[in-house]
Structures are given as structure tokens and as C-alpha cells.
Amino acid sequence: RQKTPHHHPGGYRSARQAAPSVIGKEKHFPRELADLGDKLKKRFSDFLKQLPLLMEDFLAIPDILLPPPRHSNTQQLWLRFVIQALSEISVLGRAYTLFEKLYLRVVGSLLKQALEPIETMAGPAGVLATSPLDPFREVETAVMCQRLGLLKRKVNFGGSFNIVHFEPTILVKAKRALQRETYPEVLVLAEQLLQKFSALGEVLATVKLEQIKPELAQNPELRTAILQLEAVWGDCQYLLQQDTLDFMEQFLDFIKRSNPTATTRWQYRVGLYSDAEATAQGIKAEELQKCRKALFETLPILVFLDEVVREVEASREGNTMTHNCFRTVFCPQDQRLYTLRRDFGKFEGVRVEKFKNFLVGNQDESSEARTTTTTTTPPAEKNVEKGRARYFGMLYKQVKEVAAFSPEPRKTEFLGARDHWACVMKVAQQVGANLFPTSRPAEKAQGVSTAKMSSRPSLSRKVTEVMSGLPPANTRKRSTTEGPSLASVAAVASVQGALVTKAKTEAPRLPAT
């Protein structure tokens with residue numbers, strides 16, 4: 001039991017409700033051992049109380065051998081002292097012996113339980129290492145995977161992962177992947193998985209129980225073999241699935257079709273960095289959080305939206321689209337998914353693009369244009385835009401619950417859709433390395449073209465100046481007392497004639513009566 005300082009004084013809670021470091025380290029001893037321990041302490045206390053009396057009897061014995069008349073008295077003193085001392089020591093020794101026998105038996109059972117996973121795994125590991133043609137090889141592999149999961153539940157070997165379920169079918173898929181054509185990065189992981197599993201089997205087959213420490217996490221060779229296998233297993237349990245491989249191809253095609261900016265693609269790569277890696281690259285915490293949000297929130301929603309829109313367009317054309325890999329792999333299969341599919345089925349191309357711009361935070365117009373619009377847009381159009389933004393916000397929350405992931409890194413075991421997404425993104429960035437920049441792209445000078453265009457007067461501005469008799473903007477610094485020149489008058493006449501001709505040609509014709 002652990003005392004809880006945040007509860008009232010004297011309050012206790014069980015170890016499983018205490019700190020995680022306590023879980024898995026508690027040991028249960030029989031009640032008889034505690035009773036024998038109490039008896040041993042009592043006997044030892046009684047023996048300590050008898051020591052002063054024994055010392056008095058010992059000091060009362062003469063130091064030298066007396067003459068024959070007193071010789072018998074000396075012998076009686078020695079005999080009484082020896083009998084009393086032996087009786088006290090024998091009582092104490094009997095209590096200690098009973099306690100020691102039970103204690104050693106309990107310790108032996110604990111050691112046996114601690115070494116039982118290794119002992120039970122040694123047999124199948126030896127068969128796998130020495131008999132490659134054994135007909136029961138699959139059974140031995142399944143037994144070893146099961147025992148490895150039980151071992152991981154009992155012992156904390158540390159590491160970045162906490163896998164407690166080892167499916168033997170992953171090994172079968174790894175062997176099958178090596179015989180097929182797939183991404184080289186996936187083949188490397190499959191080969192590493194088989195090698196690390198064989199290396200763990202060799203360690204277990206050659207281990208000697210007499211040399212193993214009861215605290216299994218303190219055996220460096222065993223700990224290293226398990227952690228290396230666990231690291232590769234965490235990736236392969238997600239990648240060695242046909243739906244995941246199909247989605248990886250779909251994702252790379254999506255990146256090529258959507259063609260995001262180089263900065264956005266660099267953010268996708270940085271989103272996988274840990275805090276230490278980001279600090280080493282000189283990336284601030286705020287920017288790292290922004291990159292993680294782009295990778296784990298915005299990008300999955302864009303992929304989901306692209307998949308749904310393509311499926312809707314295919315259904316309108318009478319075709320059937322079967323490549324809905326993102327929804328199959330990452331989305332929960334419930335009513336929310338079908339509701340979003342129905343809502344997005346009503347969207348048109350322009351509306352889809354507006355929603356995409358709403359997702360990435362870039363509206364159809366620039367911030368400067370939005371400022372101008374707020375002052376020139378009629379109130380009716382403002383209300384329409386507010387209603388559309390409100391609707392997009394509600395739709396974004398619904399899509400986020402289904403398709404997005406948490407930007408925060410995992411702090412529990414290596415299971416879940418977020419870790420699945422992170423694993424796929426890591427390998428996809430290795431496959432399409434040329435699509436994702438490894439360094440921050442150089443920021444291009446923005447506003448240069450706008451400045452050049454703003455320095456040139458527009459066509460409407462020229463027409464206005466000409467019709468009003470004003471000189472061009474680049475020559476307006478001349479004397480204002482000068483009247484309009486002949487060239488300007490001719491230009492006015494030509495423009496007026498062109499406008500009249502255009503109005504006549506575009507005027508609607510009335511039907512004949």
C-alpha cells in the first residue's frame with residue numbers, strides 16, 4: 001500500500017492506483033511467512049533479555065581450577081551455564097530455521113516465476129534456430145510470440161514503444177512481402193523484422209538460466225534484442241497491410257496532383273520531428289506546433305476531402321470508385337462517416353475549393369483584398385459570407401472528429417490511428433523523398449509583382465484620364481496651366497467612338513412586332 005498525501009491523513013490506496021513505476025513490481029508473500037517472522041522477532045527479543053542473566057552466570061564461574069573439595073561446585077556452575085545458553089540458542093535457532101525454510105521456498109518460487117518466460121521461450125526458440133524444416137515451425141513461432149507478449153507485460157524493458165501484442169501473422173506477411181514487388185523501404189523493414197526475430201531466438205536458445213539475473217531488464221543482451229525487435233515490429237504491424245500500401249500510393253499521387261507549396265511540404269516533414277530533433281535544427285516550439293498541426297490535422301482532412309470528392313464525381317459519371325483507402329485505414333466506420341459523405345456529395349467544385357481554402361487558412365482573397373471588401377461589400381453579401389464561414393466552421397469540427405489526429409506526440413503504448421498515420425507518413429516521405437524538402441525553402445520576395453503592377457496605371461484609369469482630358473499619370477507633373485493637347489483630344493475621340501460601337505454591337509435586339 002502507498003500513502004496518498006493528497007488524501008486525508010491515514011488514507012491509503014492500492015499500488016495499482018499509485019504511480020506507474022509501482023505497477024509490476026509488487027510481490028505477494030504468504031501470510032504464514034509474516035507469522036513466522038513475528039515469532040522470530042519475539043524469540044530474538046527474549047534471547048536479548050536473557051543475555052544479562054547468562055553473563056552473570058558466566059562471570060560467577062571461577063577463573064582458576066579449585067581444589068578437589070570445591071571442584072564439583074565449579075563443574076555444576078559450568079554445567080548450568082551451558083544448559084541455559086544452549087536452551088536459549090536452540091529455541092532461537094528453531095524459530096529462525098522455520099522462517100528461513102519458508103522464506104527460501106518463497107524466494108525460489110519468485111525466481112522461478114521471474115525466469116519462467118525465458119525458460120518457456122527457450123524451447124521454441126531452439127527449434128526455430130536449429131530446425132528450419134520443422135513441420136511445427138508455425139506453431140513454435142506462435143508460442144514464442146505469445147510468450148514474448150506475456151514477458152513484455154511483466155517486465156519493463158524501457159524503450160520508446162510498449163508493444164504487448166505480437167501477432168505471428170506479421171512475420172508471415174513479412175516473408176510474403178519479400179517475394180513481391182513493393183516499395184524498397186518496405187522490403188528493408190520486412191527483412192529487418194525477420195532478422196531481429198531470428199536474433200532474439202538465438203539469444204533465447206543459447207541463454208543459460210544460471211547466468212540470467214532475476215531482474216530480466218538488467219540482462220543487456222536480452223534487453224537489446226527485445227528492444228530492437230520491438231522498434232521494427234511497431235512499423236511493420238502497420239505497413240505490412242495491403243490497404244496501407246494502397247493508401248501510400250494514393251497519398252503520393254495526391255501530393256503530386258494538389259501540388260502544395262514547398263514550405264507546406266517542408267512542414268509535413270518537420271511535423272514528424274521530436275522536440276529534441278526540432279531544437280537541434282533550430283526550429284522554435286511555436287513553429288514545430290504549427291508543423292504538427294499541418295501534418296496531423298490539416299493534411300488528413302485534405303486527403304479525406306479529396307477522396308470523397310473524387311468518389312462523388314465518379315458516381316455522377318456512372319463509375320464506381322473503390323479506392324477509399326484513407327477511410328478504410330484511418331477513419332472509424334460509424335454513422336458520422338456516412339453523414340459527411342452525404343454532405344460533401346452536395347458540394348460543387350467552387351464550393352469544395354472554398355472549403356479547402358478555409359482549411360488551410362487562405363481565403364479566396366488576400367488580407368488586403370479582404371480589408372477592401374469589408375468596406376465595399378454590400379451588407380447582404382457580408383451576411384452571406386458570415387453564414388458560409390459559420391457553416392464551414394461547423395463542418396470542419398465534424399470532419400476533424402473523424403479524419404484528423406492529435407498534434408501532440410503519443411505518451412502511451414504504440415497503438416492507435418495517430419501512430420499509424422505517423423508511421424505511414426515517415427515511410428511515404430522516404431519513398432517520395434524528392435517531394436518533401438529536407439531544409440527550409442528560401443522565402444521568395446512577395447509583393448514584387450504587385451508593386452510593379454501598381455506602378456503601371458490600369459486600362460480603366462487610362463481611359464478615365466484620357467476622357468477627362470488629363471495627361472497620363474507618368475507625365476502629370478508638367479505645368480497644370482497647359483490645356484489638353486491635340487493628341488489627347490484625338491485619343492478621346494477614338495475611345496468614345498470605340499465605346500459607342502461596342503454598345504451598339506452588344507445592345508439586345510427587340511423582337512419584331
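Angles over 145 degrees between the N-to-C directions of two axes count as roughly antiparallel. The legends that follow describe close-up views of a predicted model.

**View 1. Helices α10 and α13 packed against each other in the predicted model.**
Helix α10 (residues 285-316) and helix α13 (residues 349-360) have axes that come within 10 Å and cross at roughly 170 degrees, and the two helices are therefore roughly antiparallel to each other. On the α10 side the contact is made by Thr298, Ile301, Leu302, Leu305 and Val309, while α13 contributes Val352, Phe355, Lys356, Leu359 and Val360. Sorted by class, this contact of α10 with α13 consists of 8 nonpolar, 1 polar and 1 charged residues.

**View 2. Ala389 of helix α15 and Phe355 of helix α13.**
Ala389 is found in helix α15, which spans residues 379-403, and with a relative accessibility of 38% Ala389 counts as partly exposed. Although Ala389 and Phe355 are 34 residues apart in sequence, their C-alpha atoms are 9.1 Å apart in space. Phe355 is also one of the residues through which α13 makes its contact with α10.

**View 3. The crossing of helices α3 and α6.**
Helix α3 (residues 137-154) packs with helix α6 (residues 220-239) at an angle of about 105 degrees, and their axes are 13 Å apart. That angle makes α3 roughly perpendicular to α6. Where the two helices meet, Cys145, Leu148, Leu151 and Lys152 come from α3, and Ile226, Leu229, Glu230 and Trp233 come from α6. By class, the contact of α3 with α6 has 6 nonpolar residues and 2 charged residues, with no polar residues.

**View 4. Trp233 and the largest nonpolar core.**
The largest nonpolar core has 89 residues, and those that touch the most other members are Leu193, Trp233, Phe247, Phe251, Phe304, Phe344 and Trp421. Helix α10 gives the most to this core, with 12 residues. Leaving aside neighbours within four places in sequence, Trp233 is in contact with Cys145, Ile163, His165, Phe166, Glu167, Ile170, Leu171, Leu193 and Phe197. Leu193 thus appears among the contacts of Trp233 as well as among the core residues that touch the most other members. In soluble globular proteins, nonpolar side chains tend to be buried together.

**View 5. A separate core of 7 residues, with Ile283 beside some of its members.**
Apart from the largest core lies another one, of 7 residues, which includes Trp266, Val270, Tyr273 and Ala278. Ile283 lies in the loop between α9 (275-280) and α10, and Ile283 is buried, with a relative accessible area of 8%. Setting aside neighbours within four places in sequence, Ile283 is in contact with Trp266, Val270, Tyr273, Ala278 and Leu288. The C-alpha atoms of Ile283 and Tyr273 are separated by 9.9 Å, and these two residues lie 10 residues apart along the chain.

**View 6. The buried residues of helix α8, and Gln429 of helix α16.**
In α8 the buried residues are Arg265, Trp266, Gln267, Tyr268, Arg269 and Val270, and what covers them includes α7, α10 and α16. Gln429 lies in helix α16 (residues 417-431) and is buried, with a relative accessible area of 5%. Beyond its neighbours within four places in sequence, Gln429 is in contact with Tyr268, Arg269, Leu272 and Phe436, and Tyr268 and Arg269 are two of the buried residues of α8.

**View 7. Asn259 in the loop between α7 and α8.**
Asn259 is found in the loop between α7 (242-258) and α8 (262-270), where Asn259 is exposed, with a relative accessible area of 57%. Its phi is near 50 degrees, a positive value in a residue other than glycine. Most residues other than glycine have a negative phi.

**View 8. The cysteines Cys325 and Cys331, and the chain as a whole.**
Cys325 counts as buried at 7% relative accessibility, and Cys331 is likewise buried, with a relative accessible area of 6%. A search of the whole structure finds 0 disulfides. The chain has 19 helices and 2 strands, and 32% of its 513 residues count as buried. Among contacts in the chain with a separation of 6 or more, 69% are accounted for by residues 24 or more positions apart.

Terms used:
Residues are numbered from 1 along each chain as its sequence is written. This is a predicted model: local features need pLDDT of at least 70, side-chain atom pairs count only at pLDDT 80 or more; totals for chains, interfaces and linings use all residues. Side-chain values use heavy atoms; hydrogens and water are left out. Helices (H or I, at least four residues) and strands (E, at least two) are DSSP runs, numbered from the N terminus. Buried means under 20% relative accessible area, exposed over 50%, partly exposed in between (1.4 Å probe, protein chains only). Contact means heavy atoms within 4.5 Å. Axes are lines fitted to C-alpha atoms, for helices over the stretch in contact, and angles run from 0 to 180 degrees between N-to-C directions. Angles under 35 degrees count as roughly parallel, over 145 as roughly antiparallel, 65 to 115 as roughly perpendicular and the rest as oblique. Ala, Val, Leu, Ile, Met, Phe, Trp, Tyr, Cys and Pro count as nonpolar, Asp, Glu, Lys and Arg as charged, and the others, Gly among them, as polar. A disulfide is a pair of cysteine sulfur atoms within 2.5 Å. A nonpolar core is a set of buried Ala, Val, Leu, Ile, Met, Phe, Trp, Tyr and Cys residues joined through side-chain atoms within 4.5 Å.
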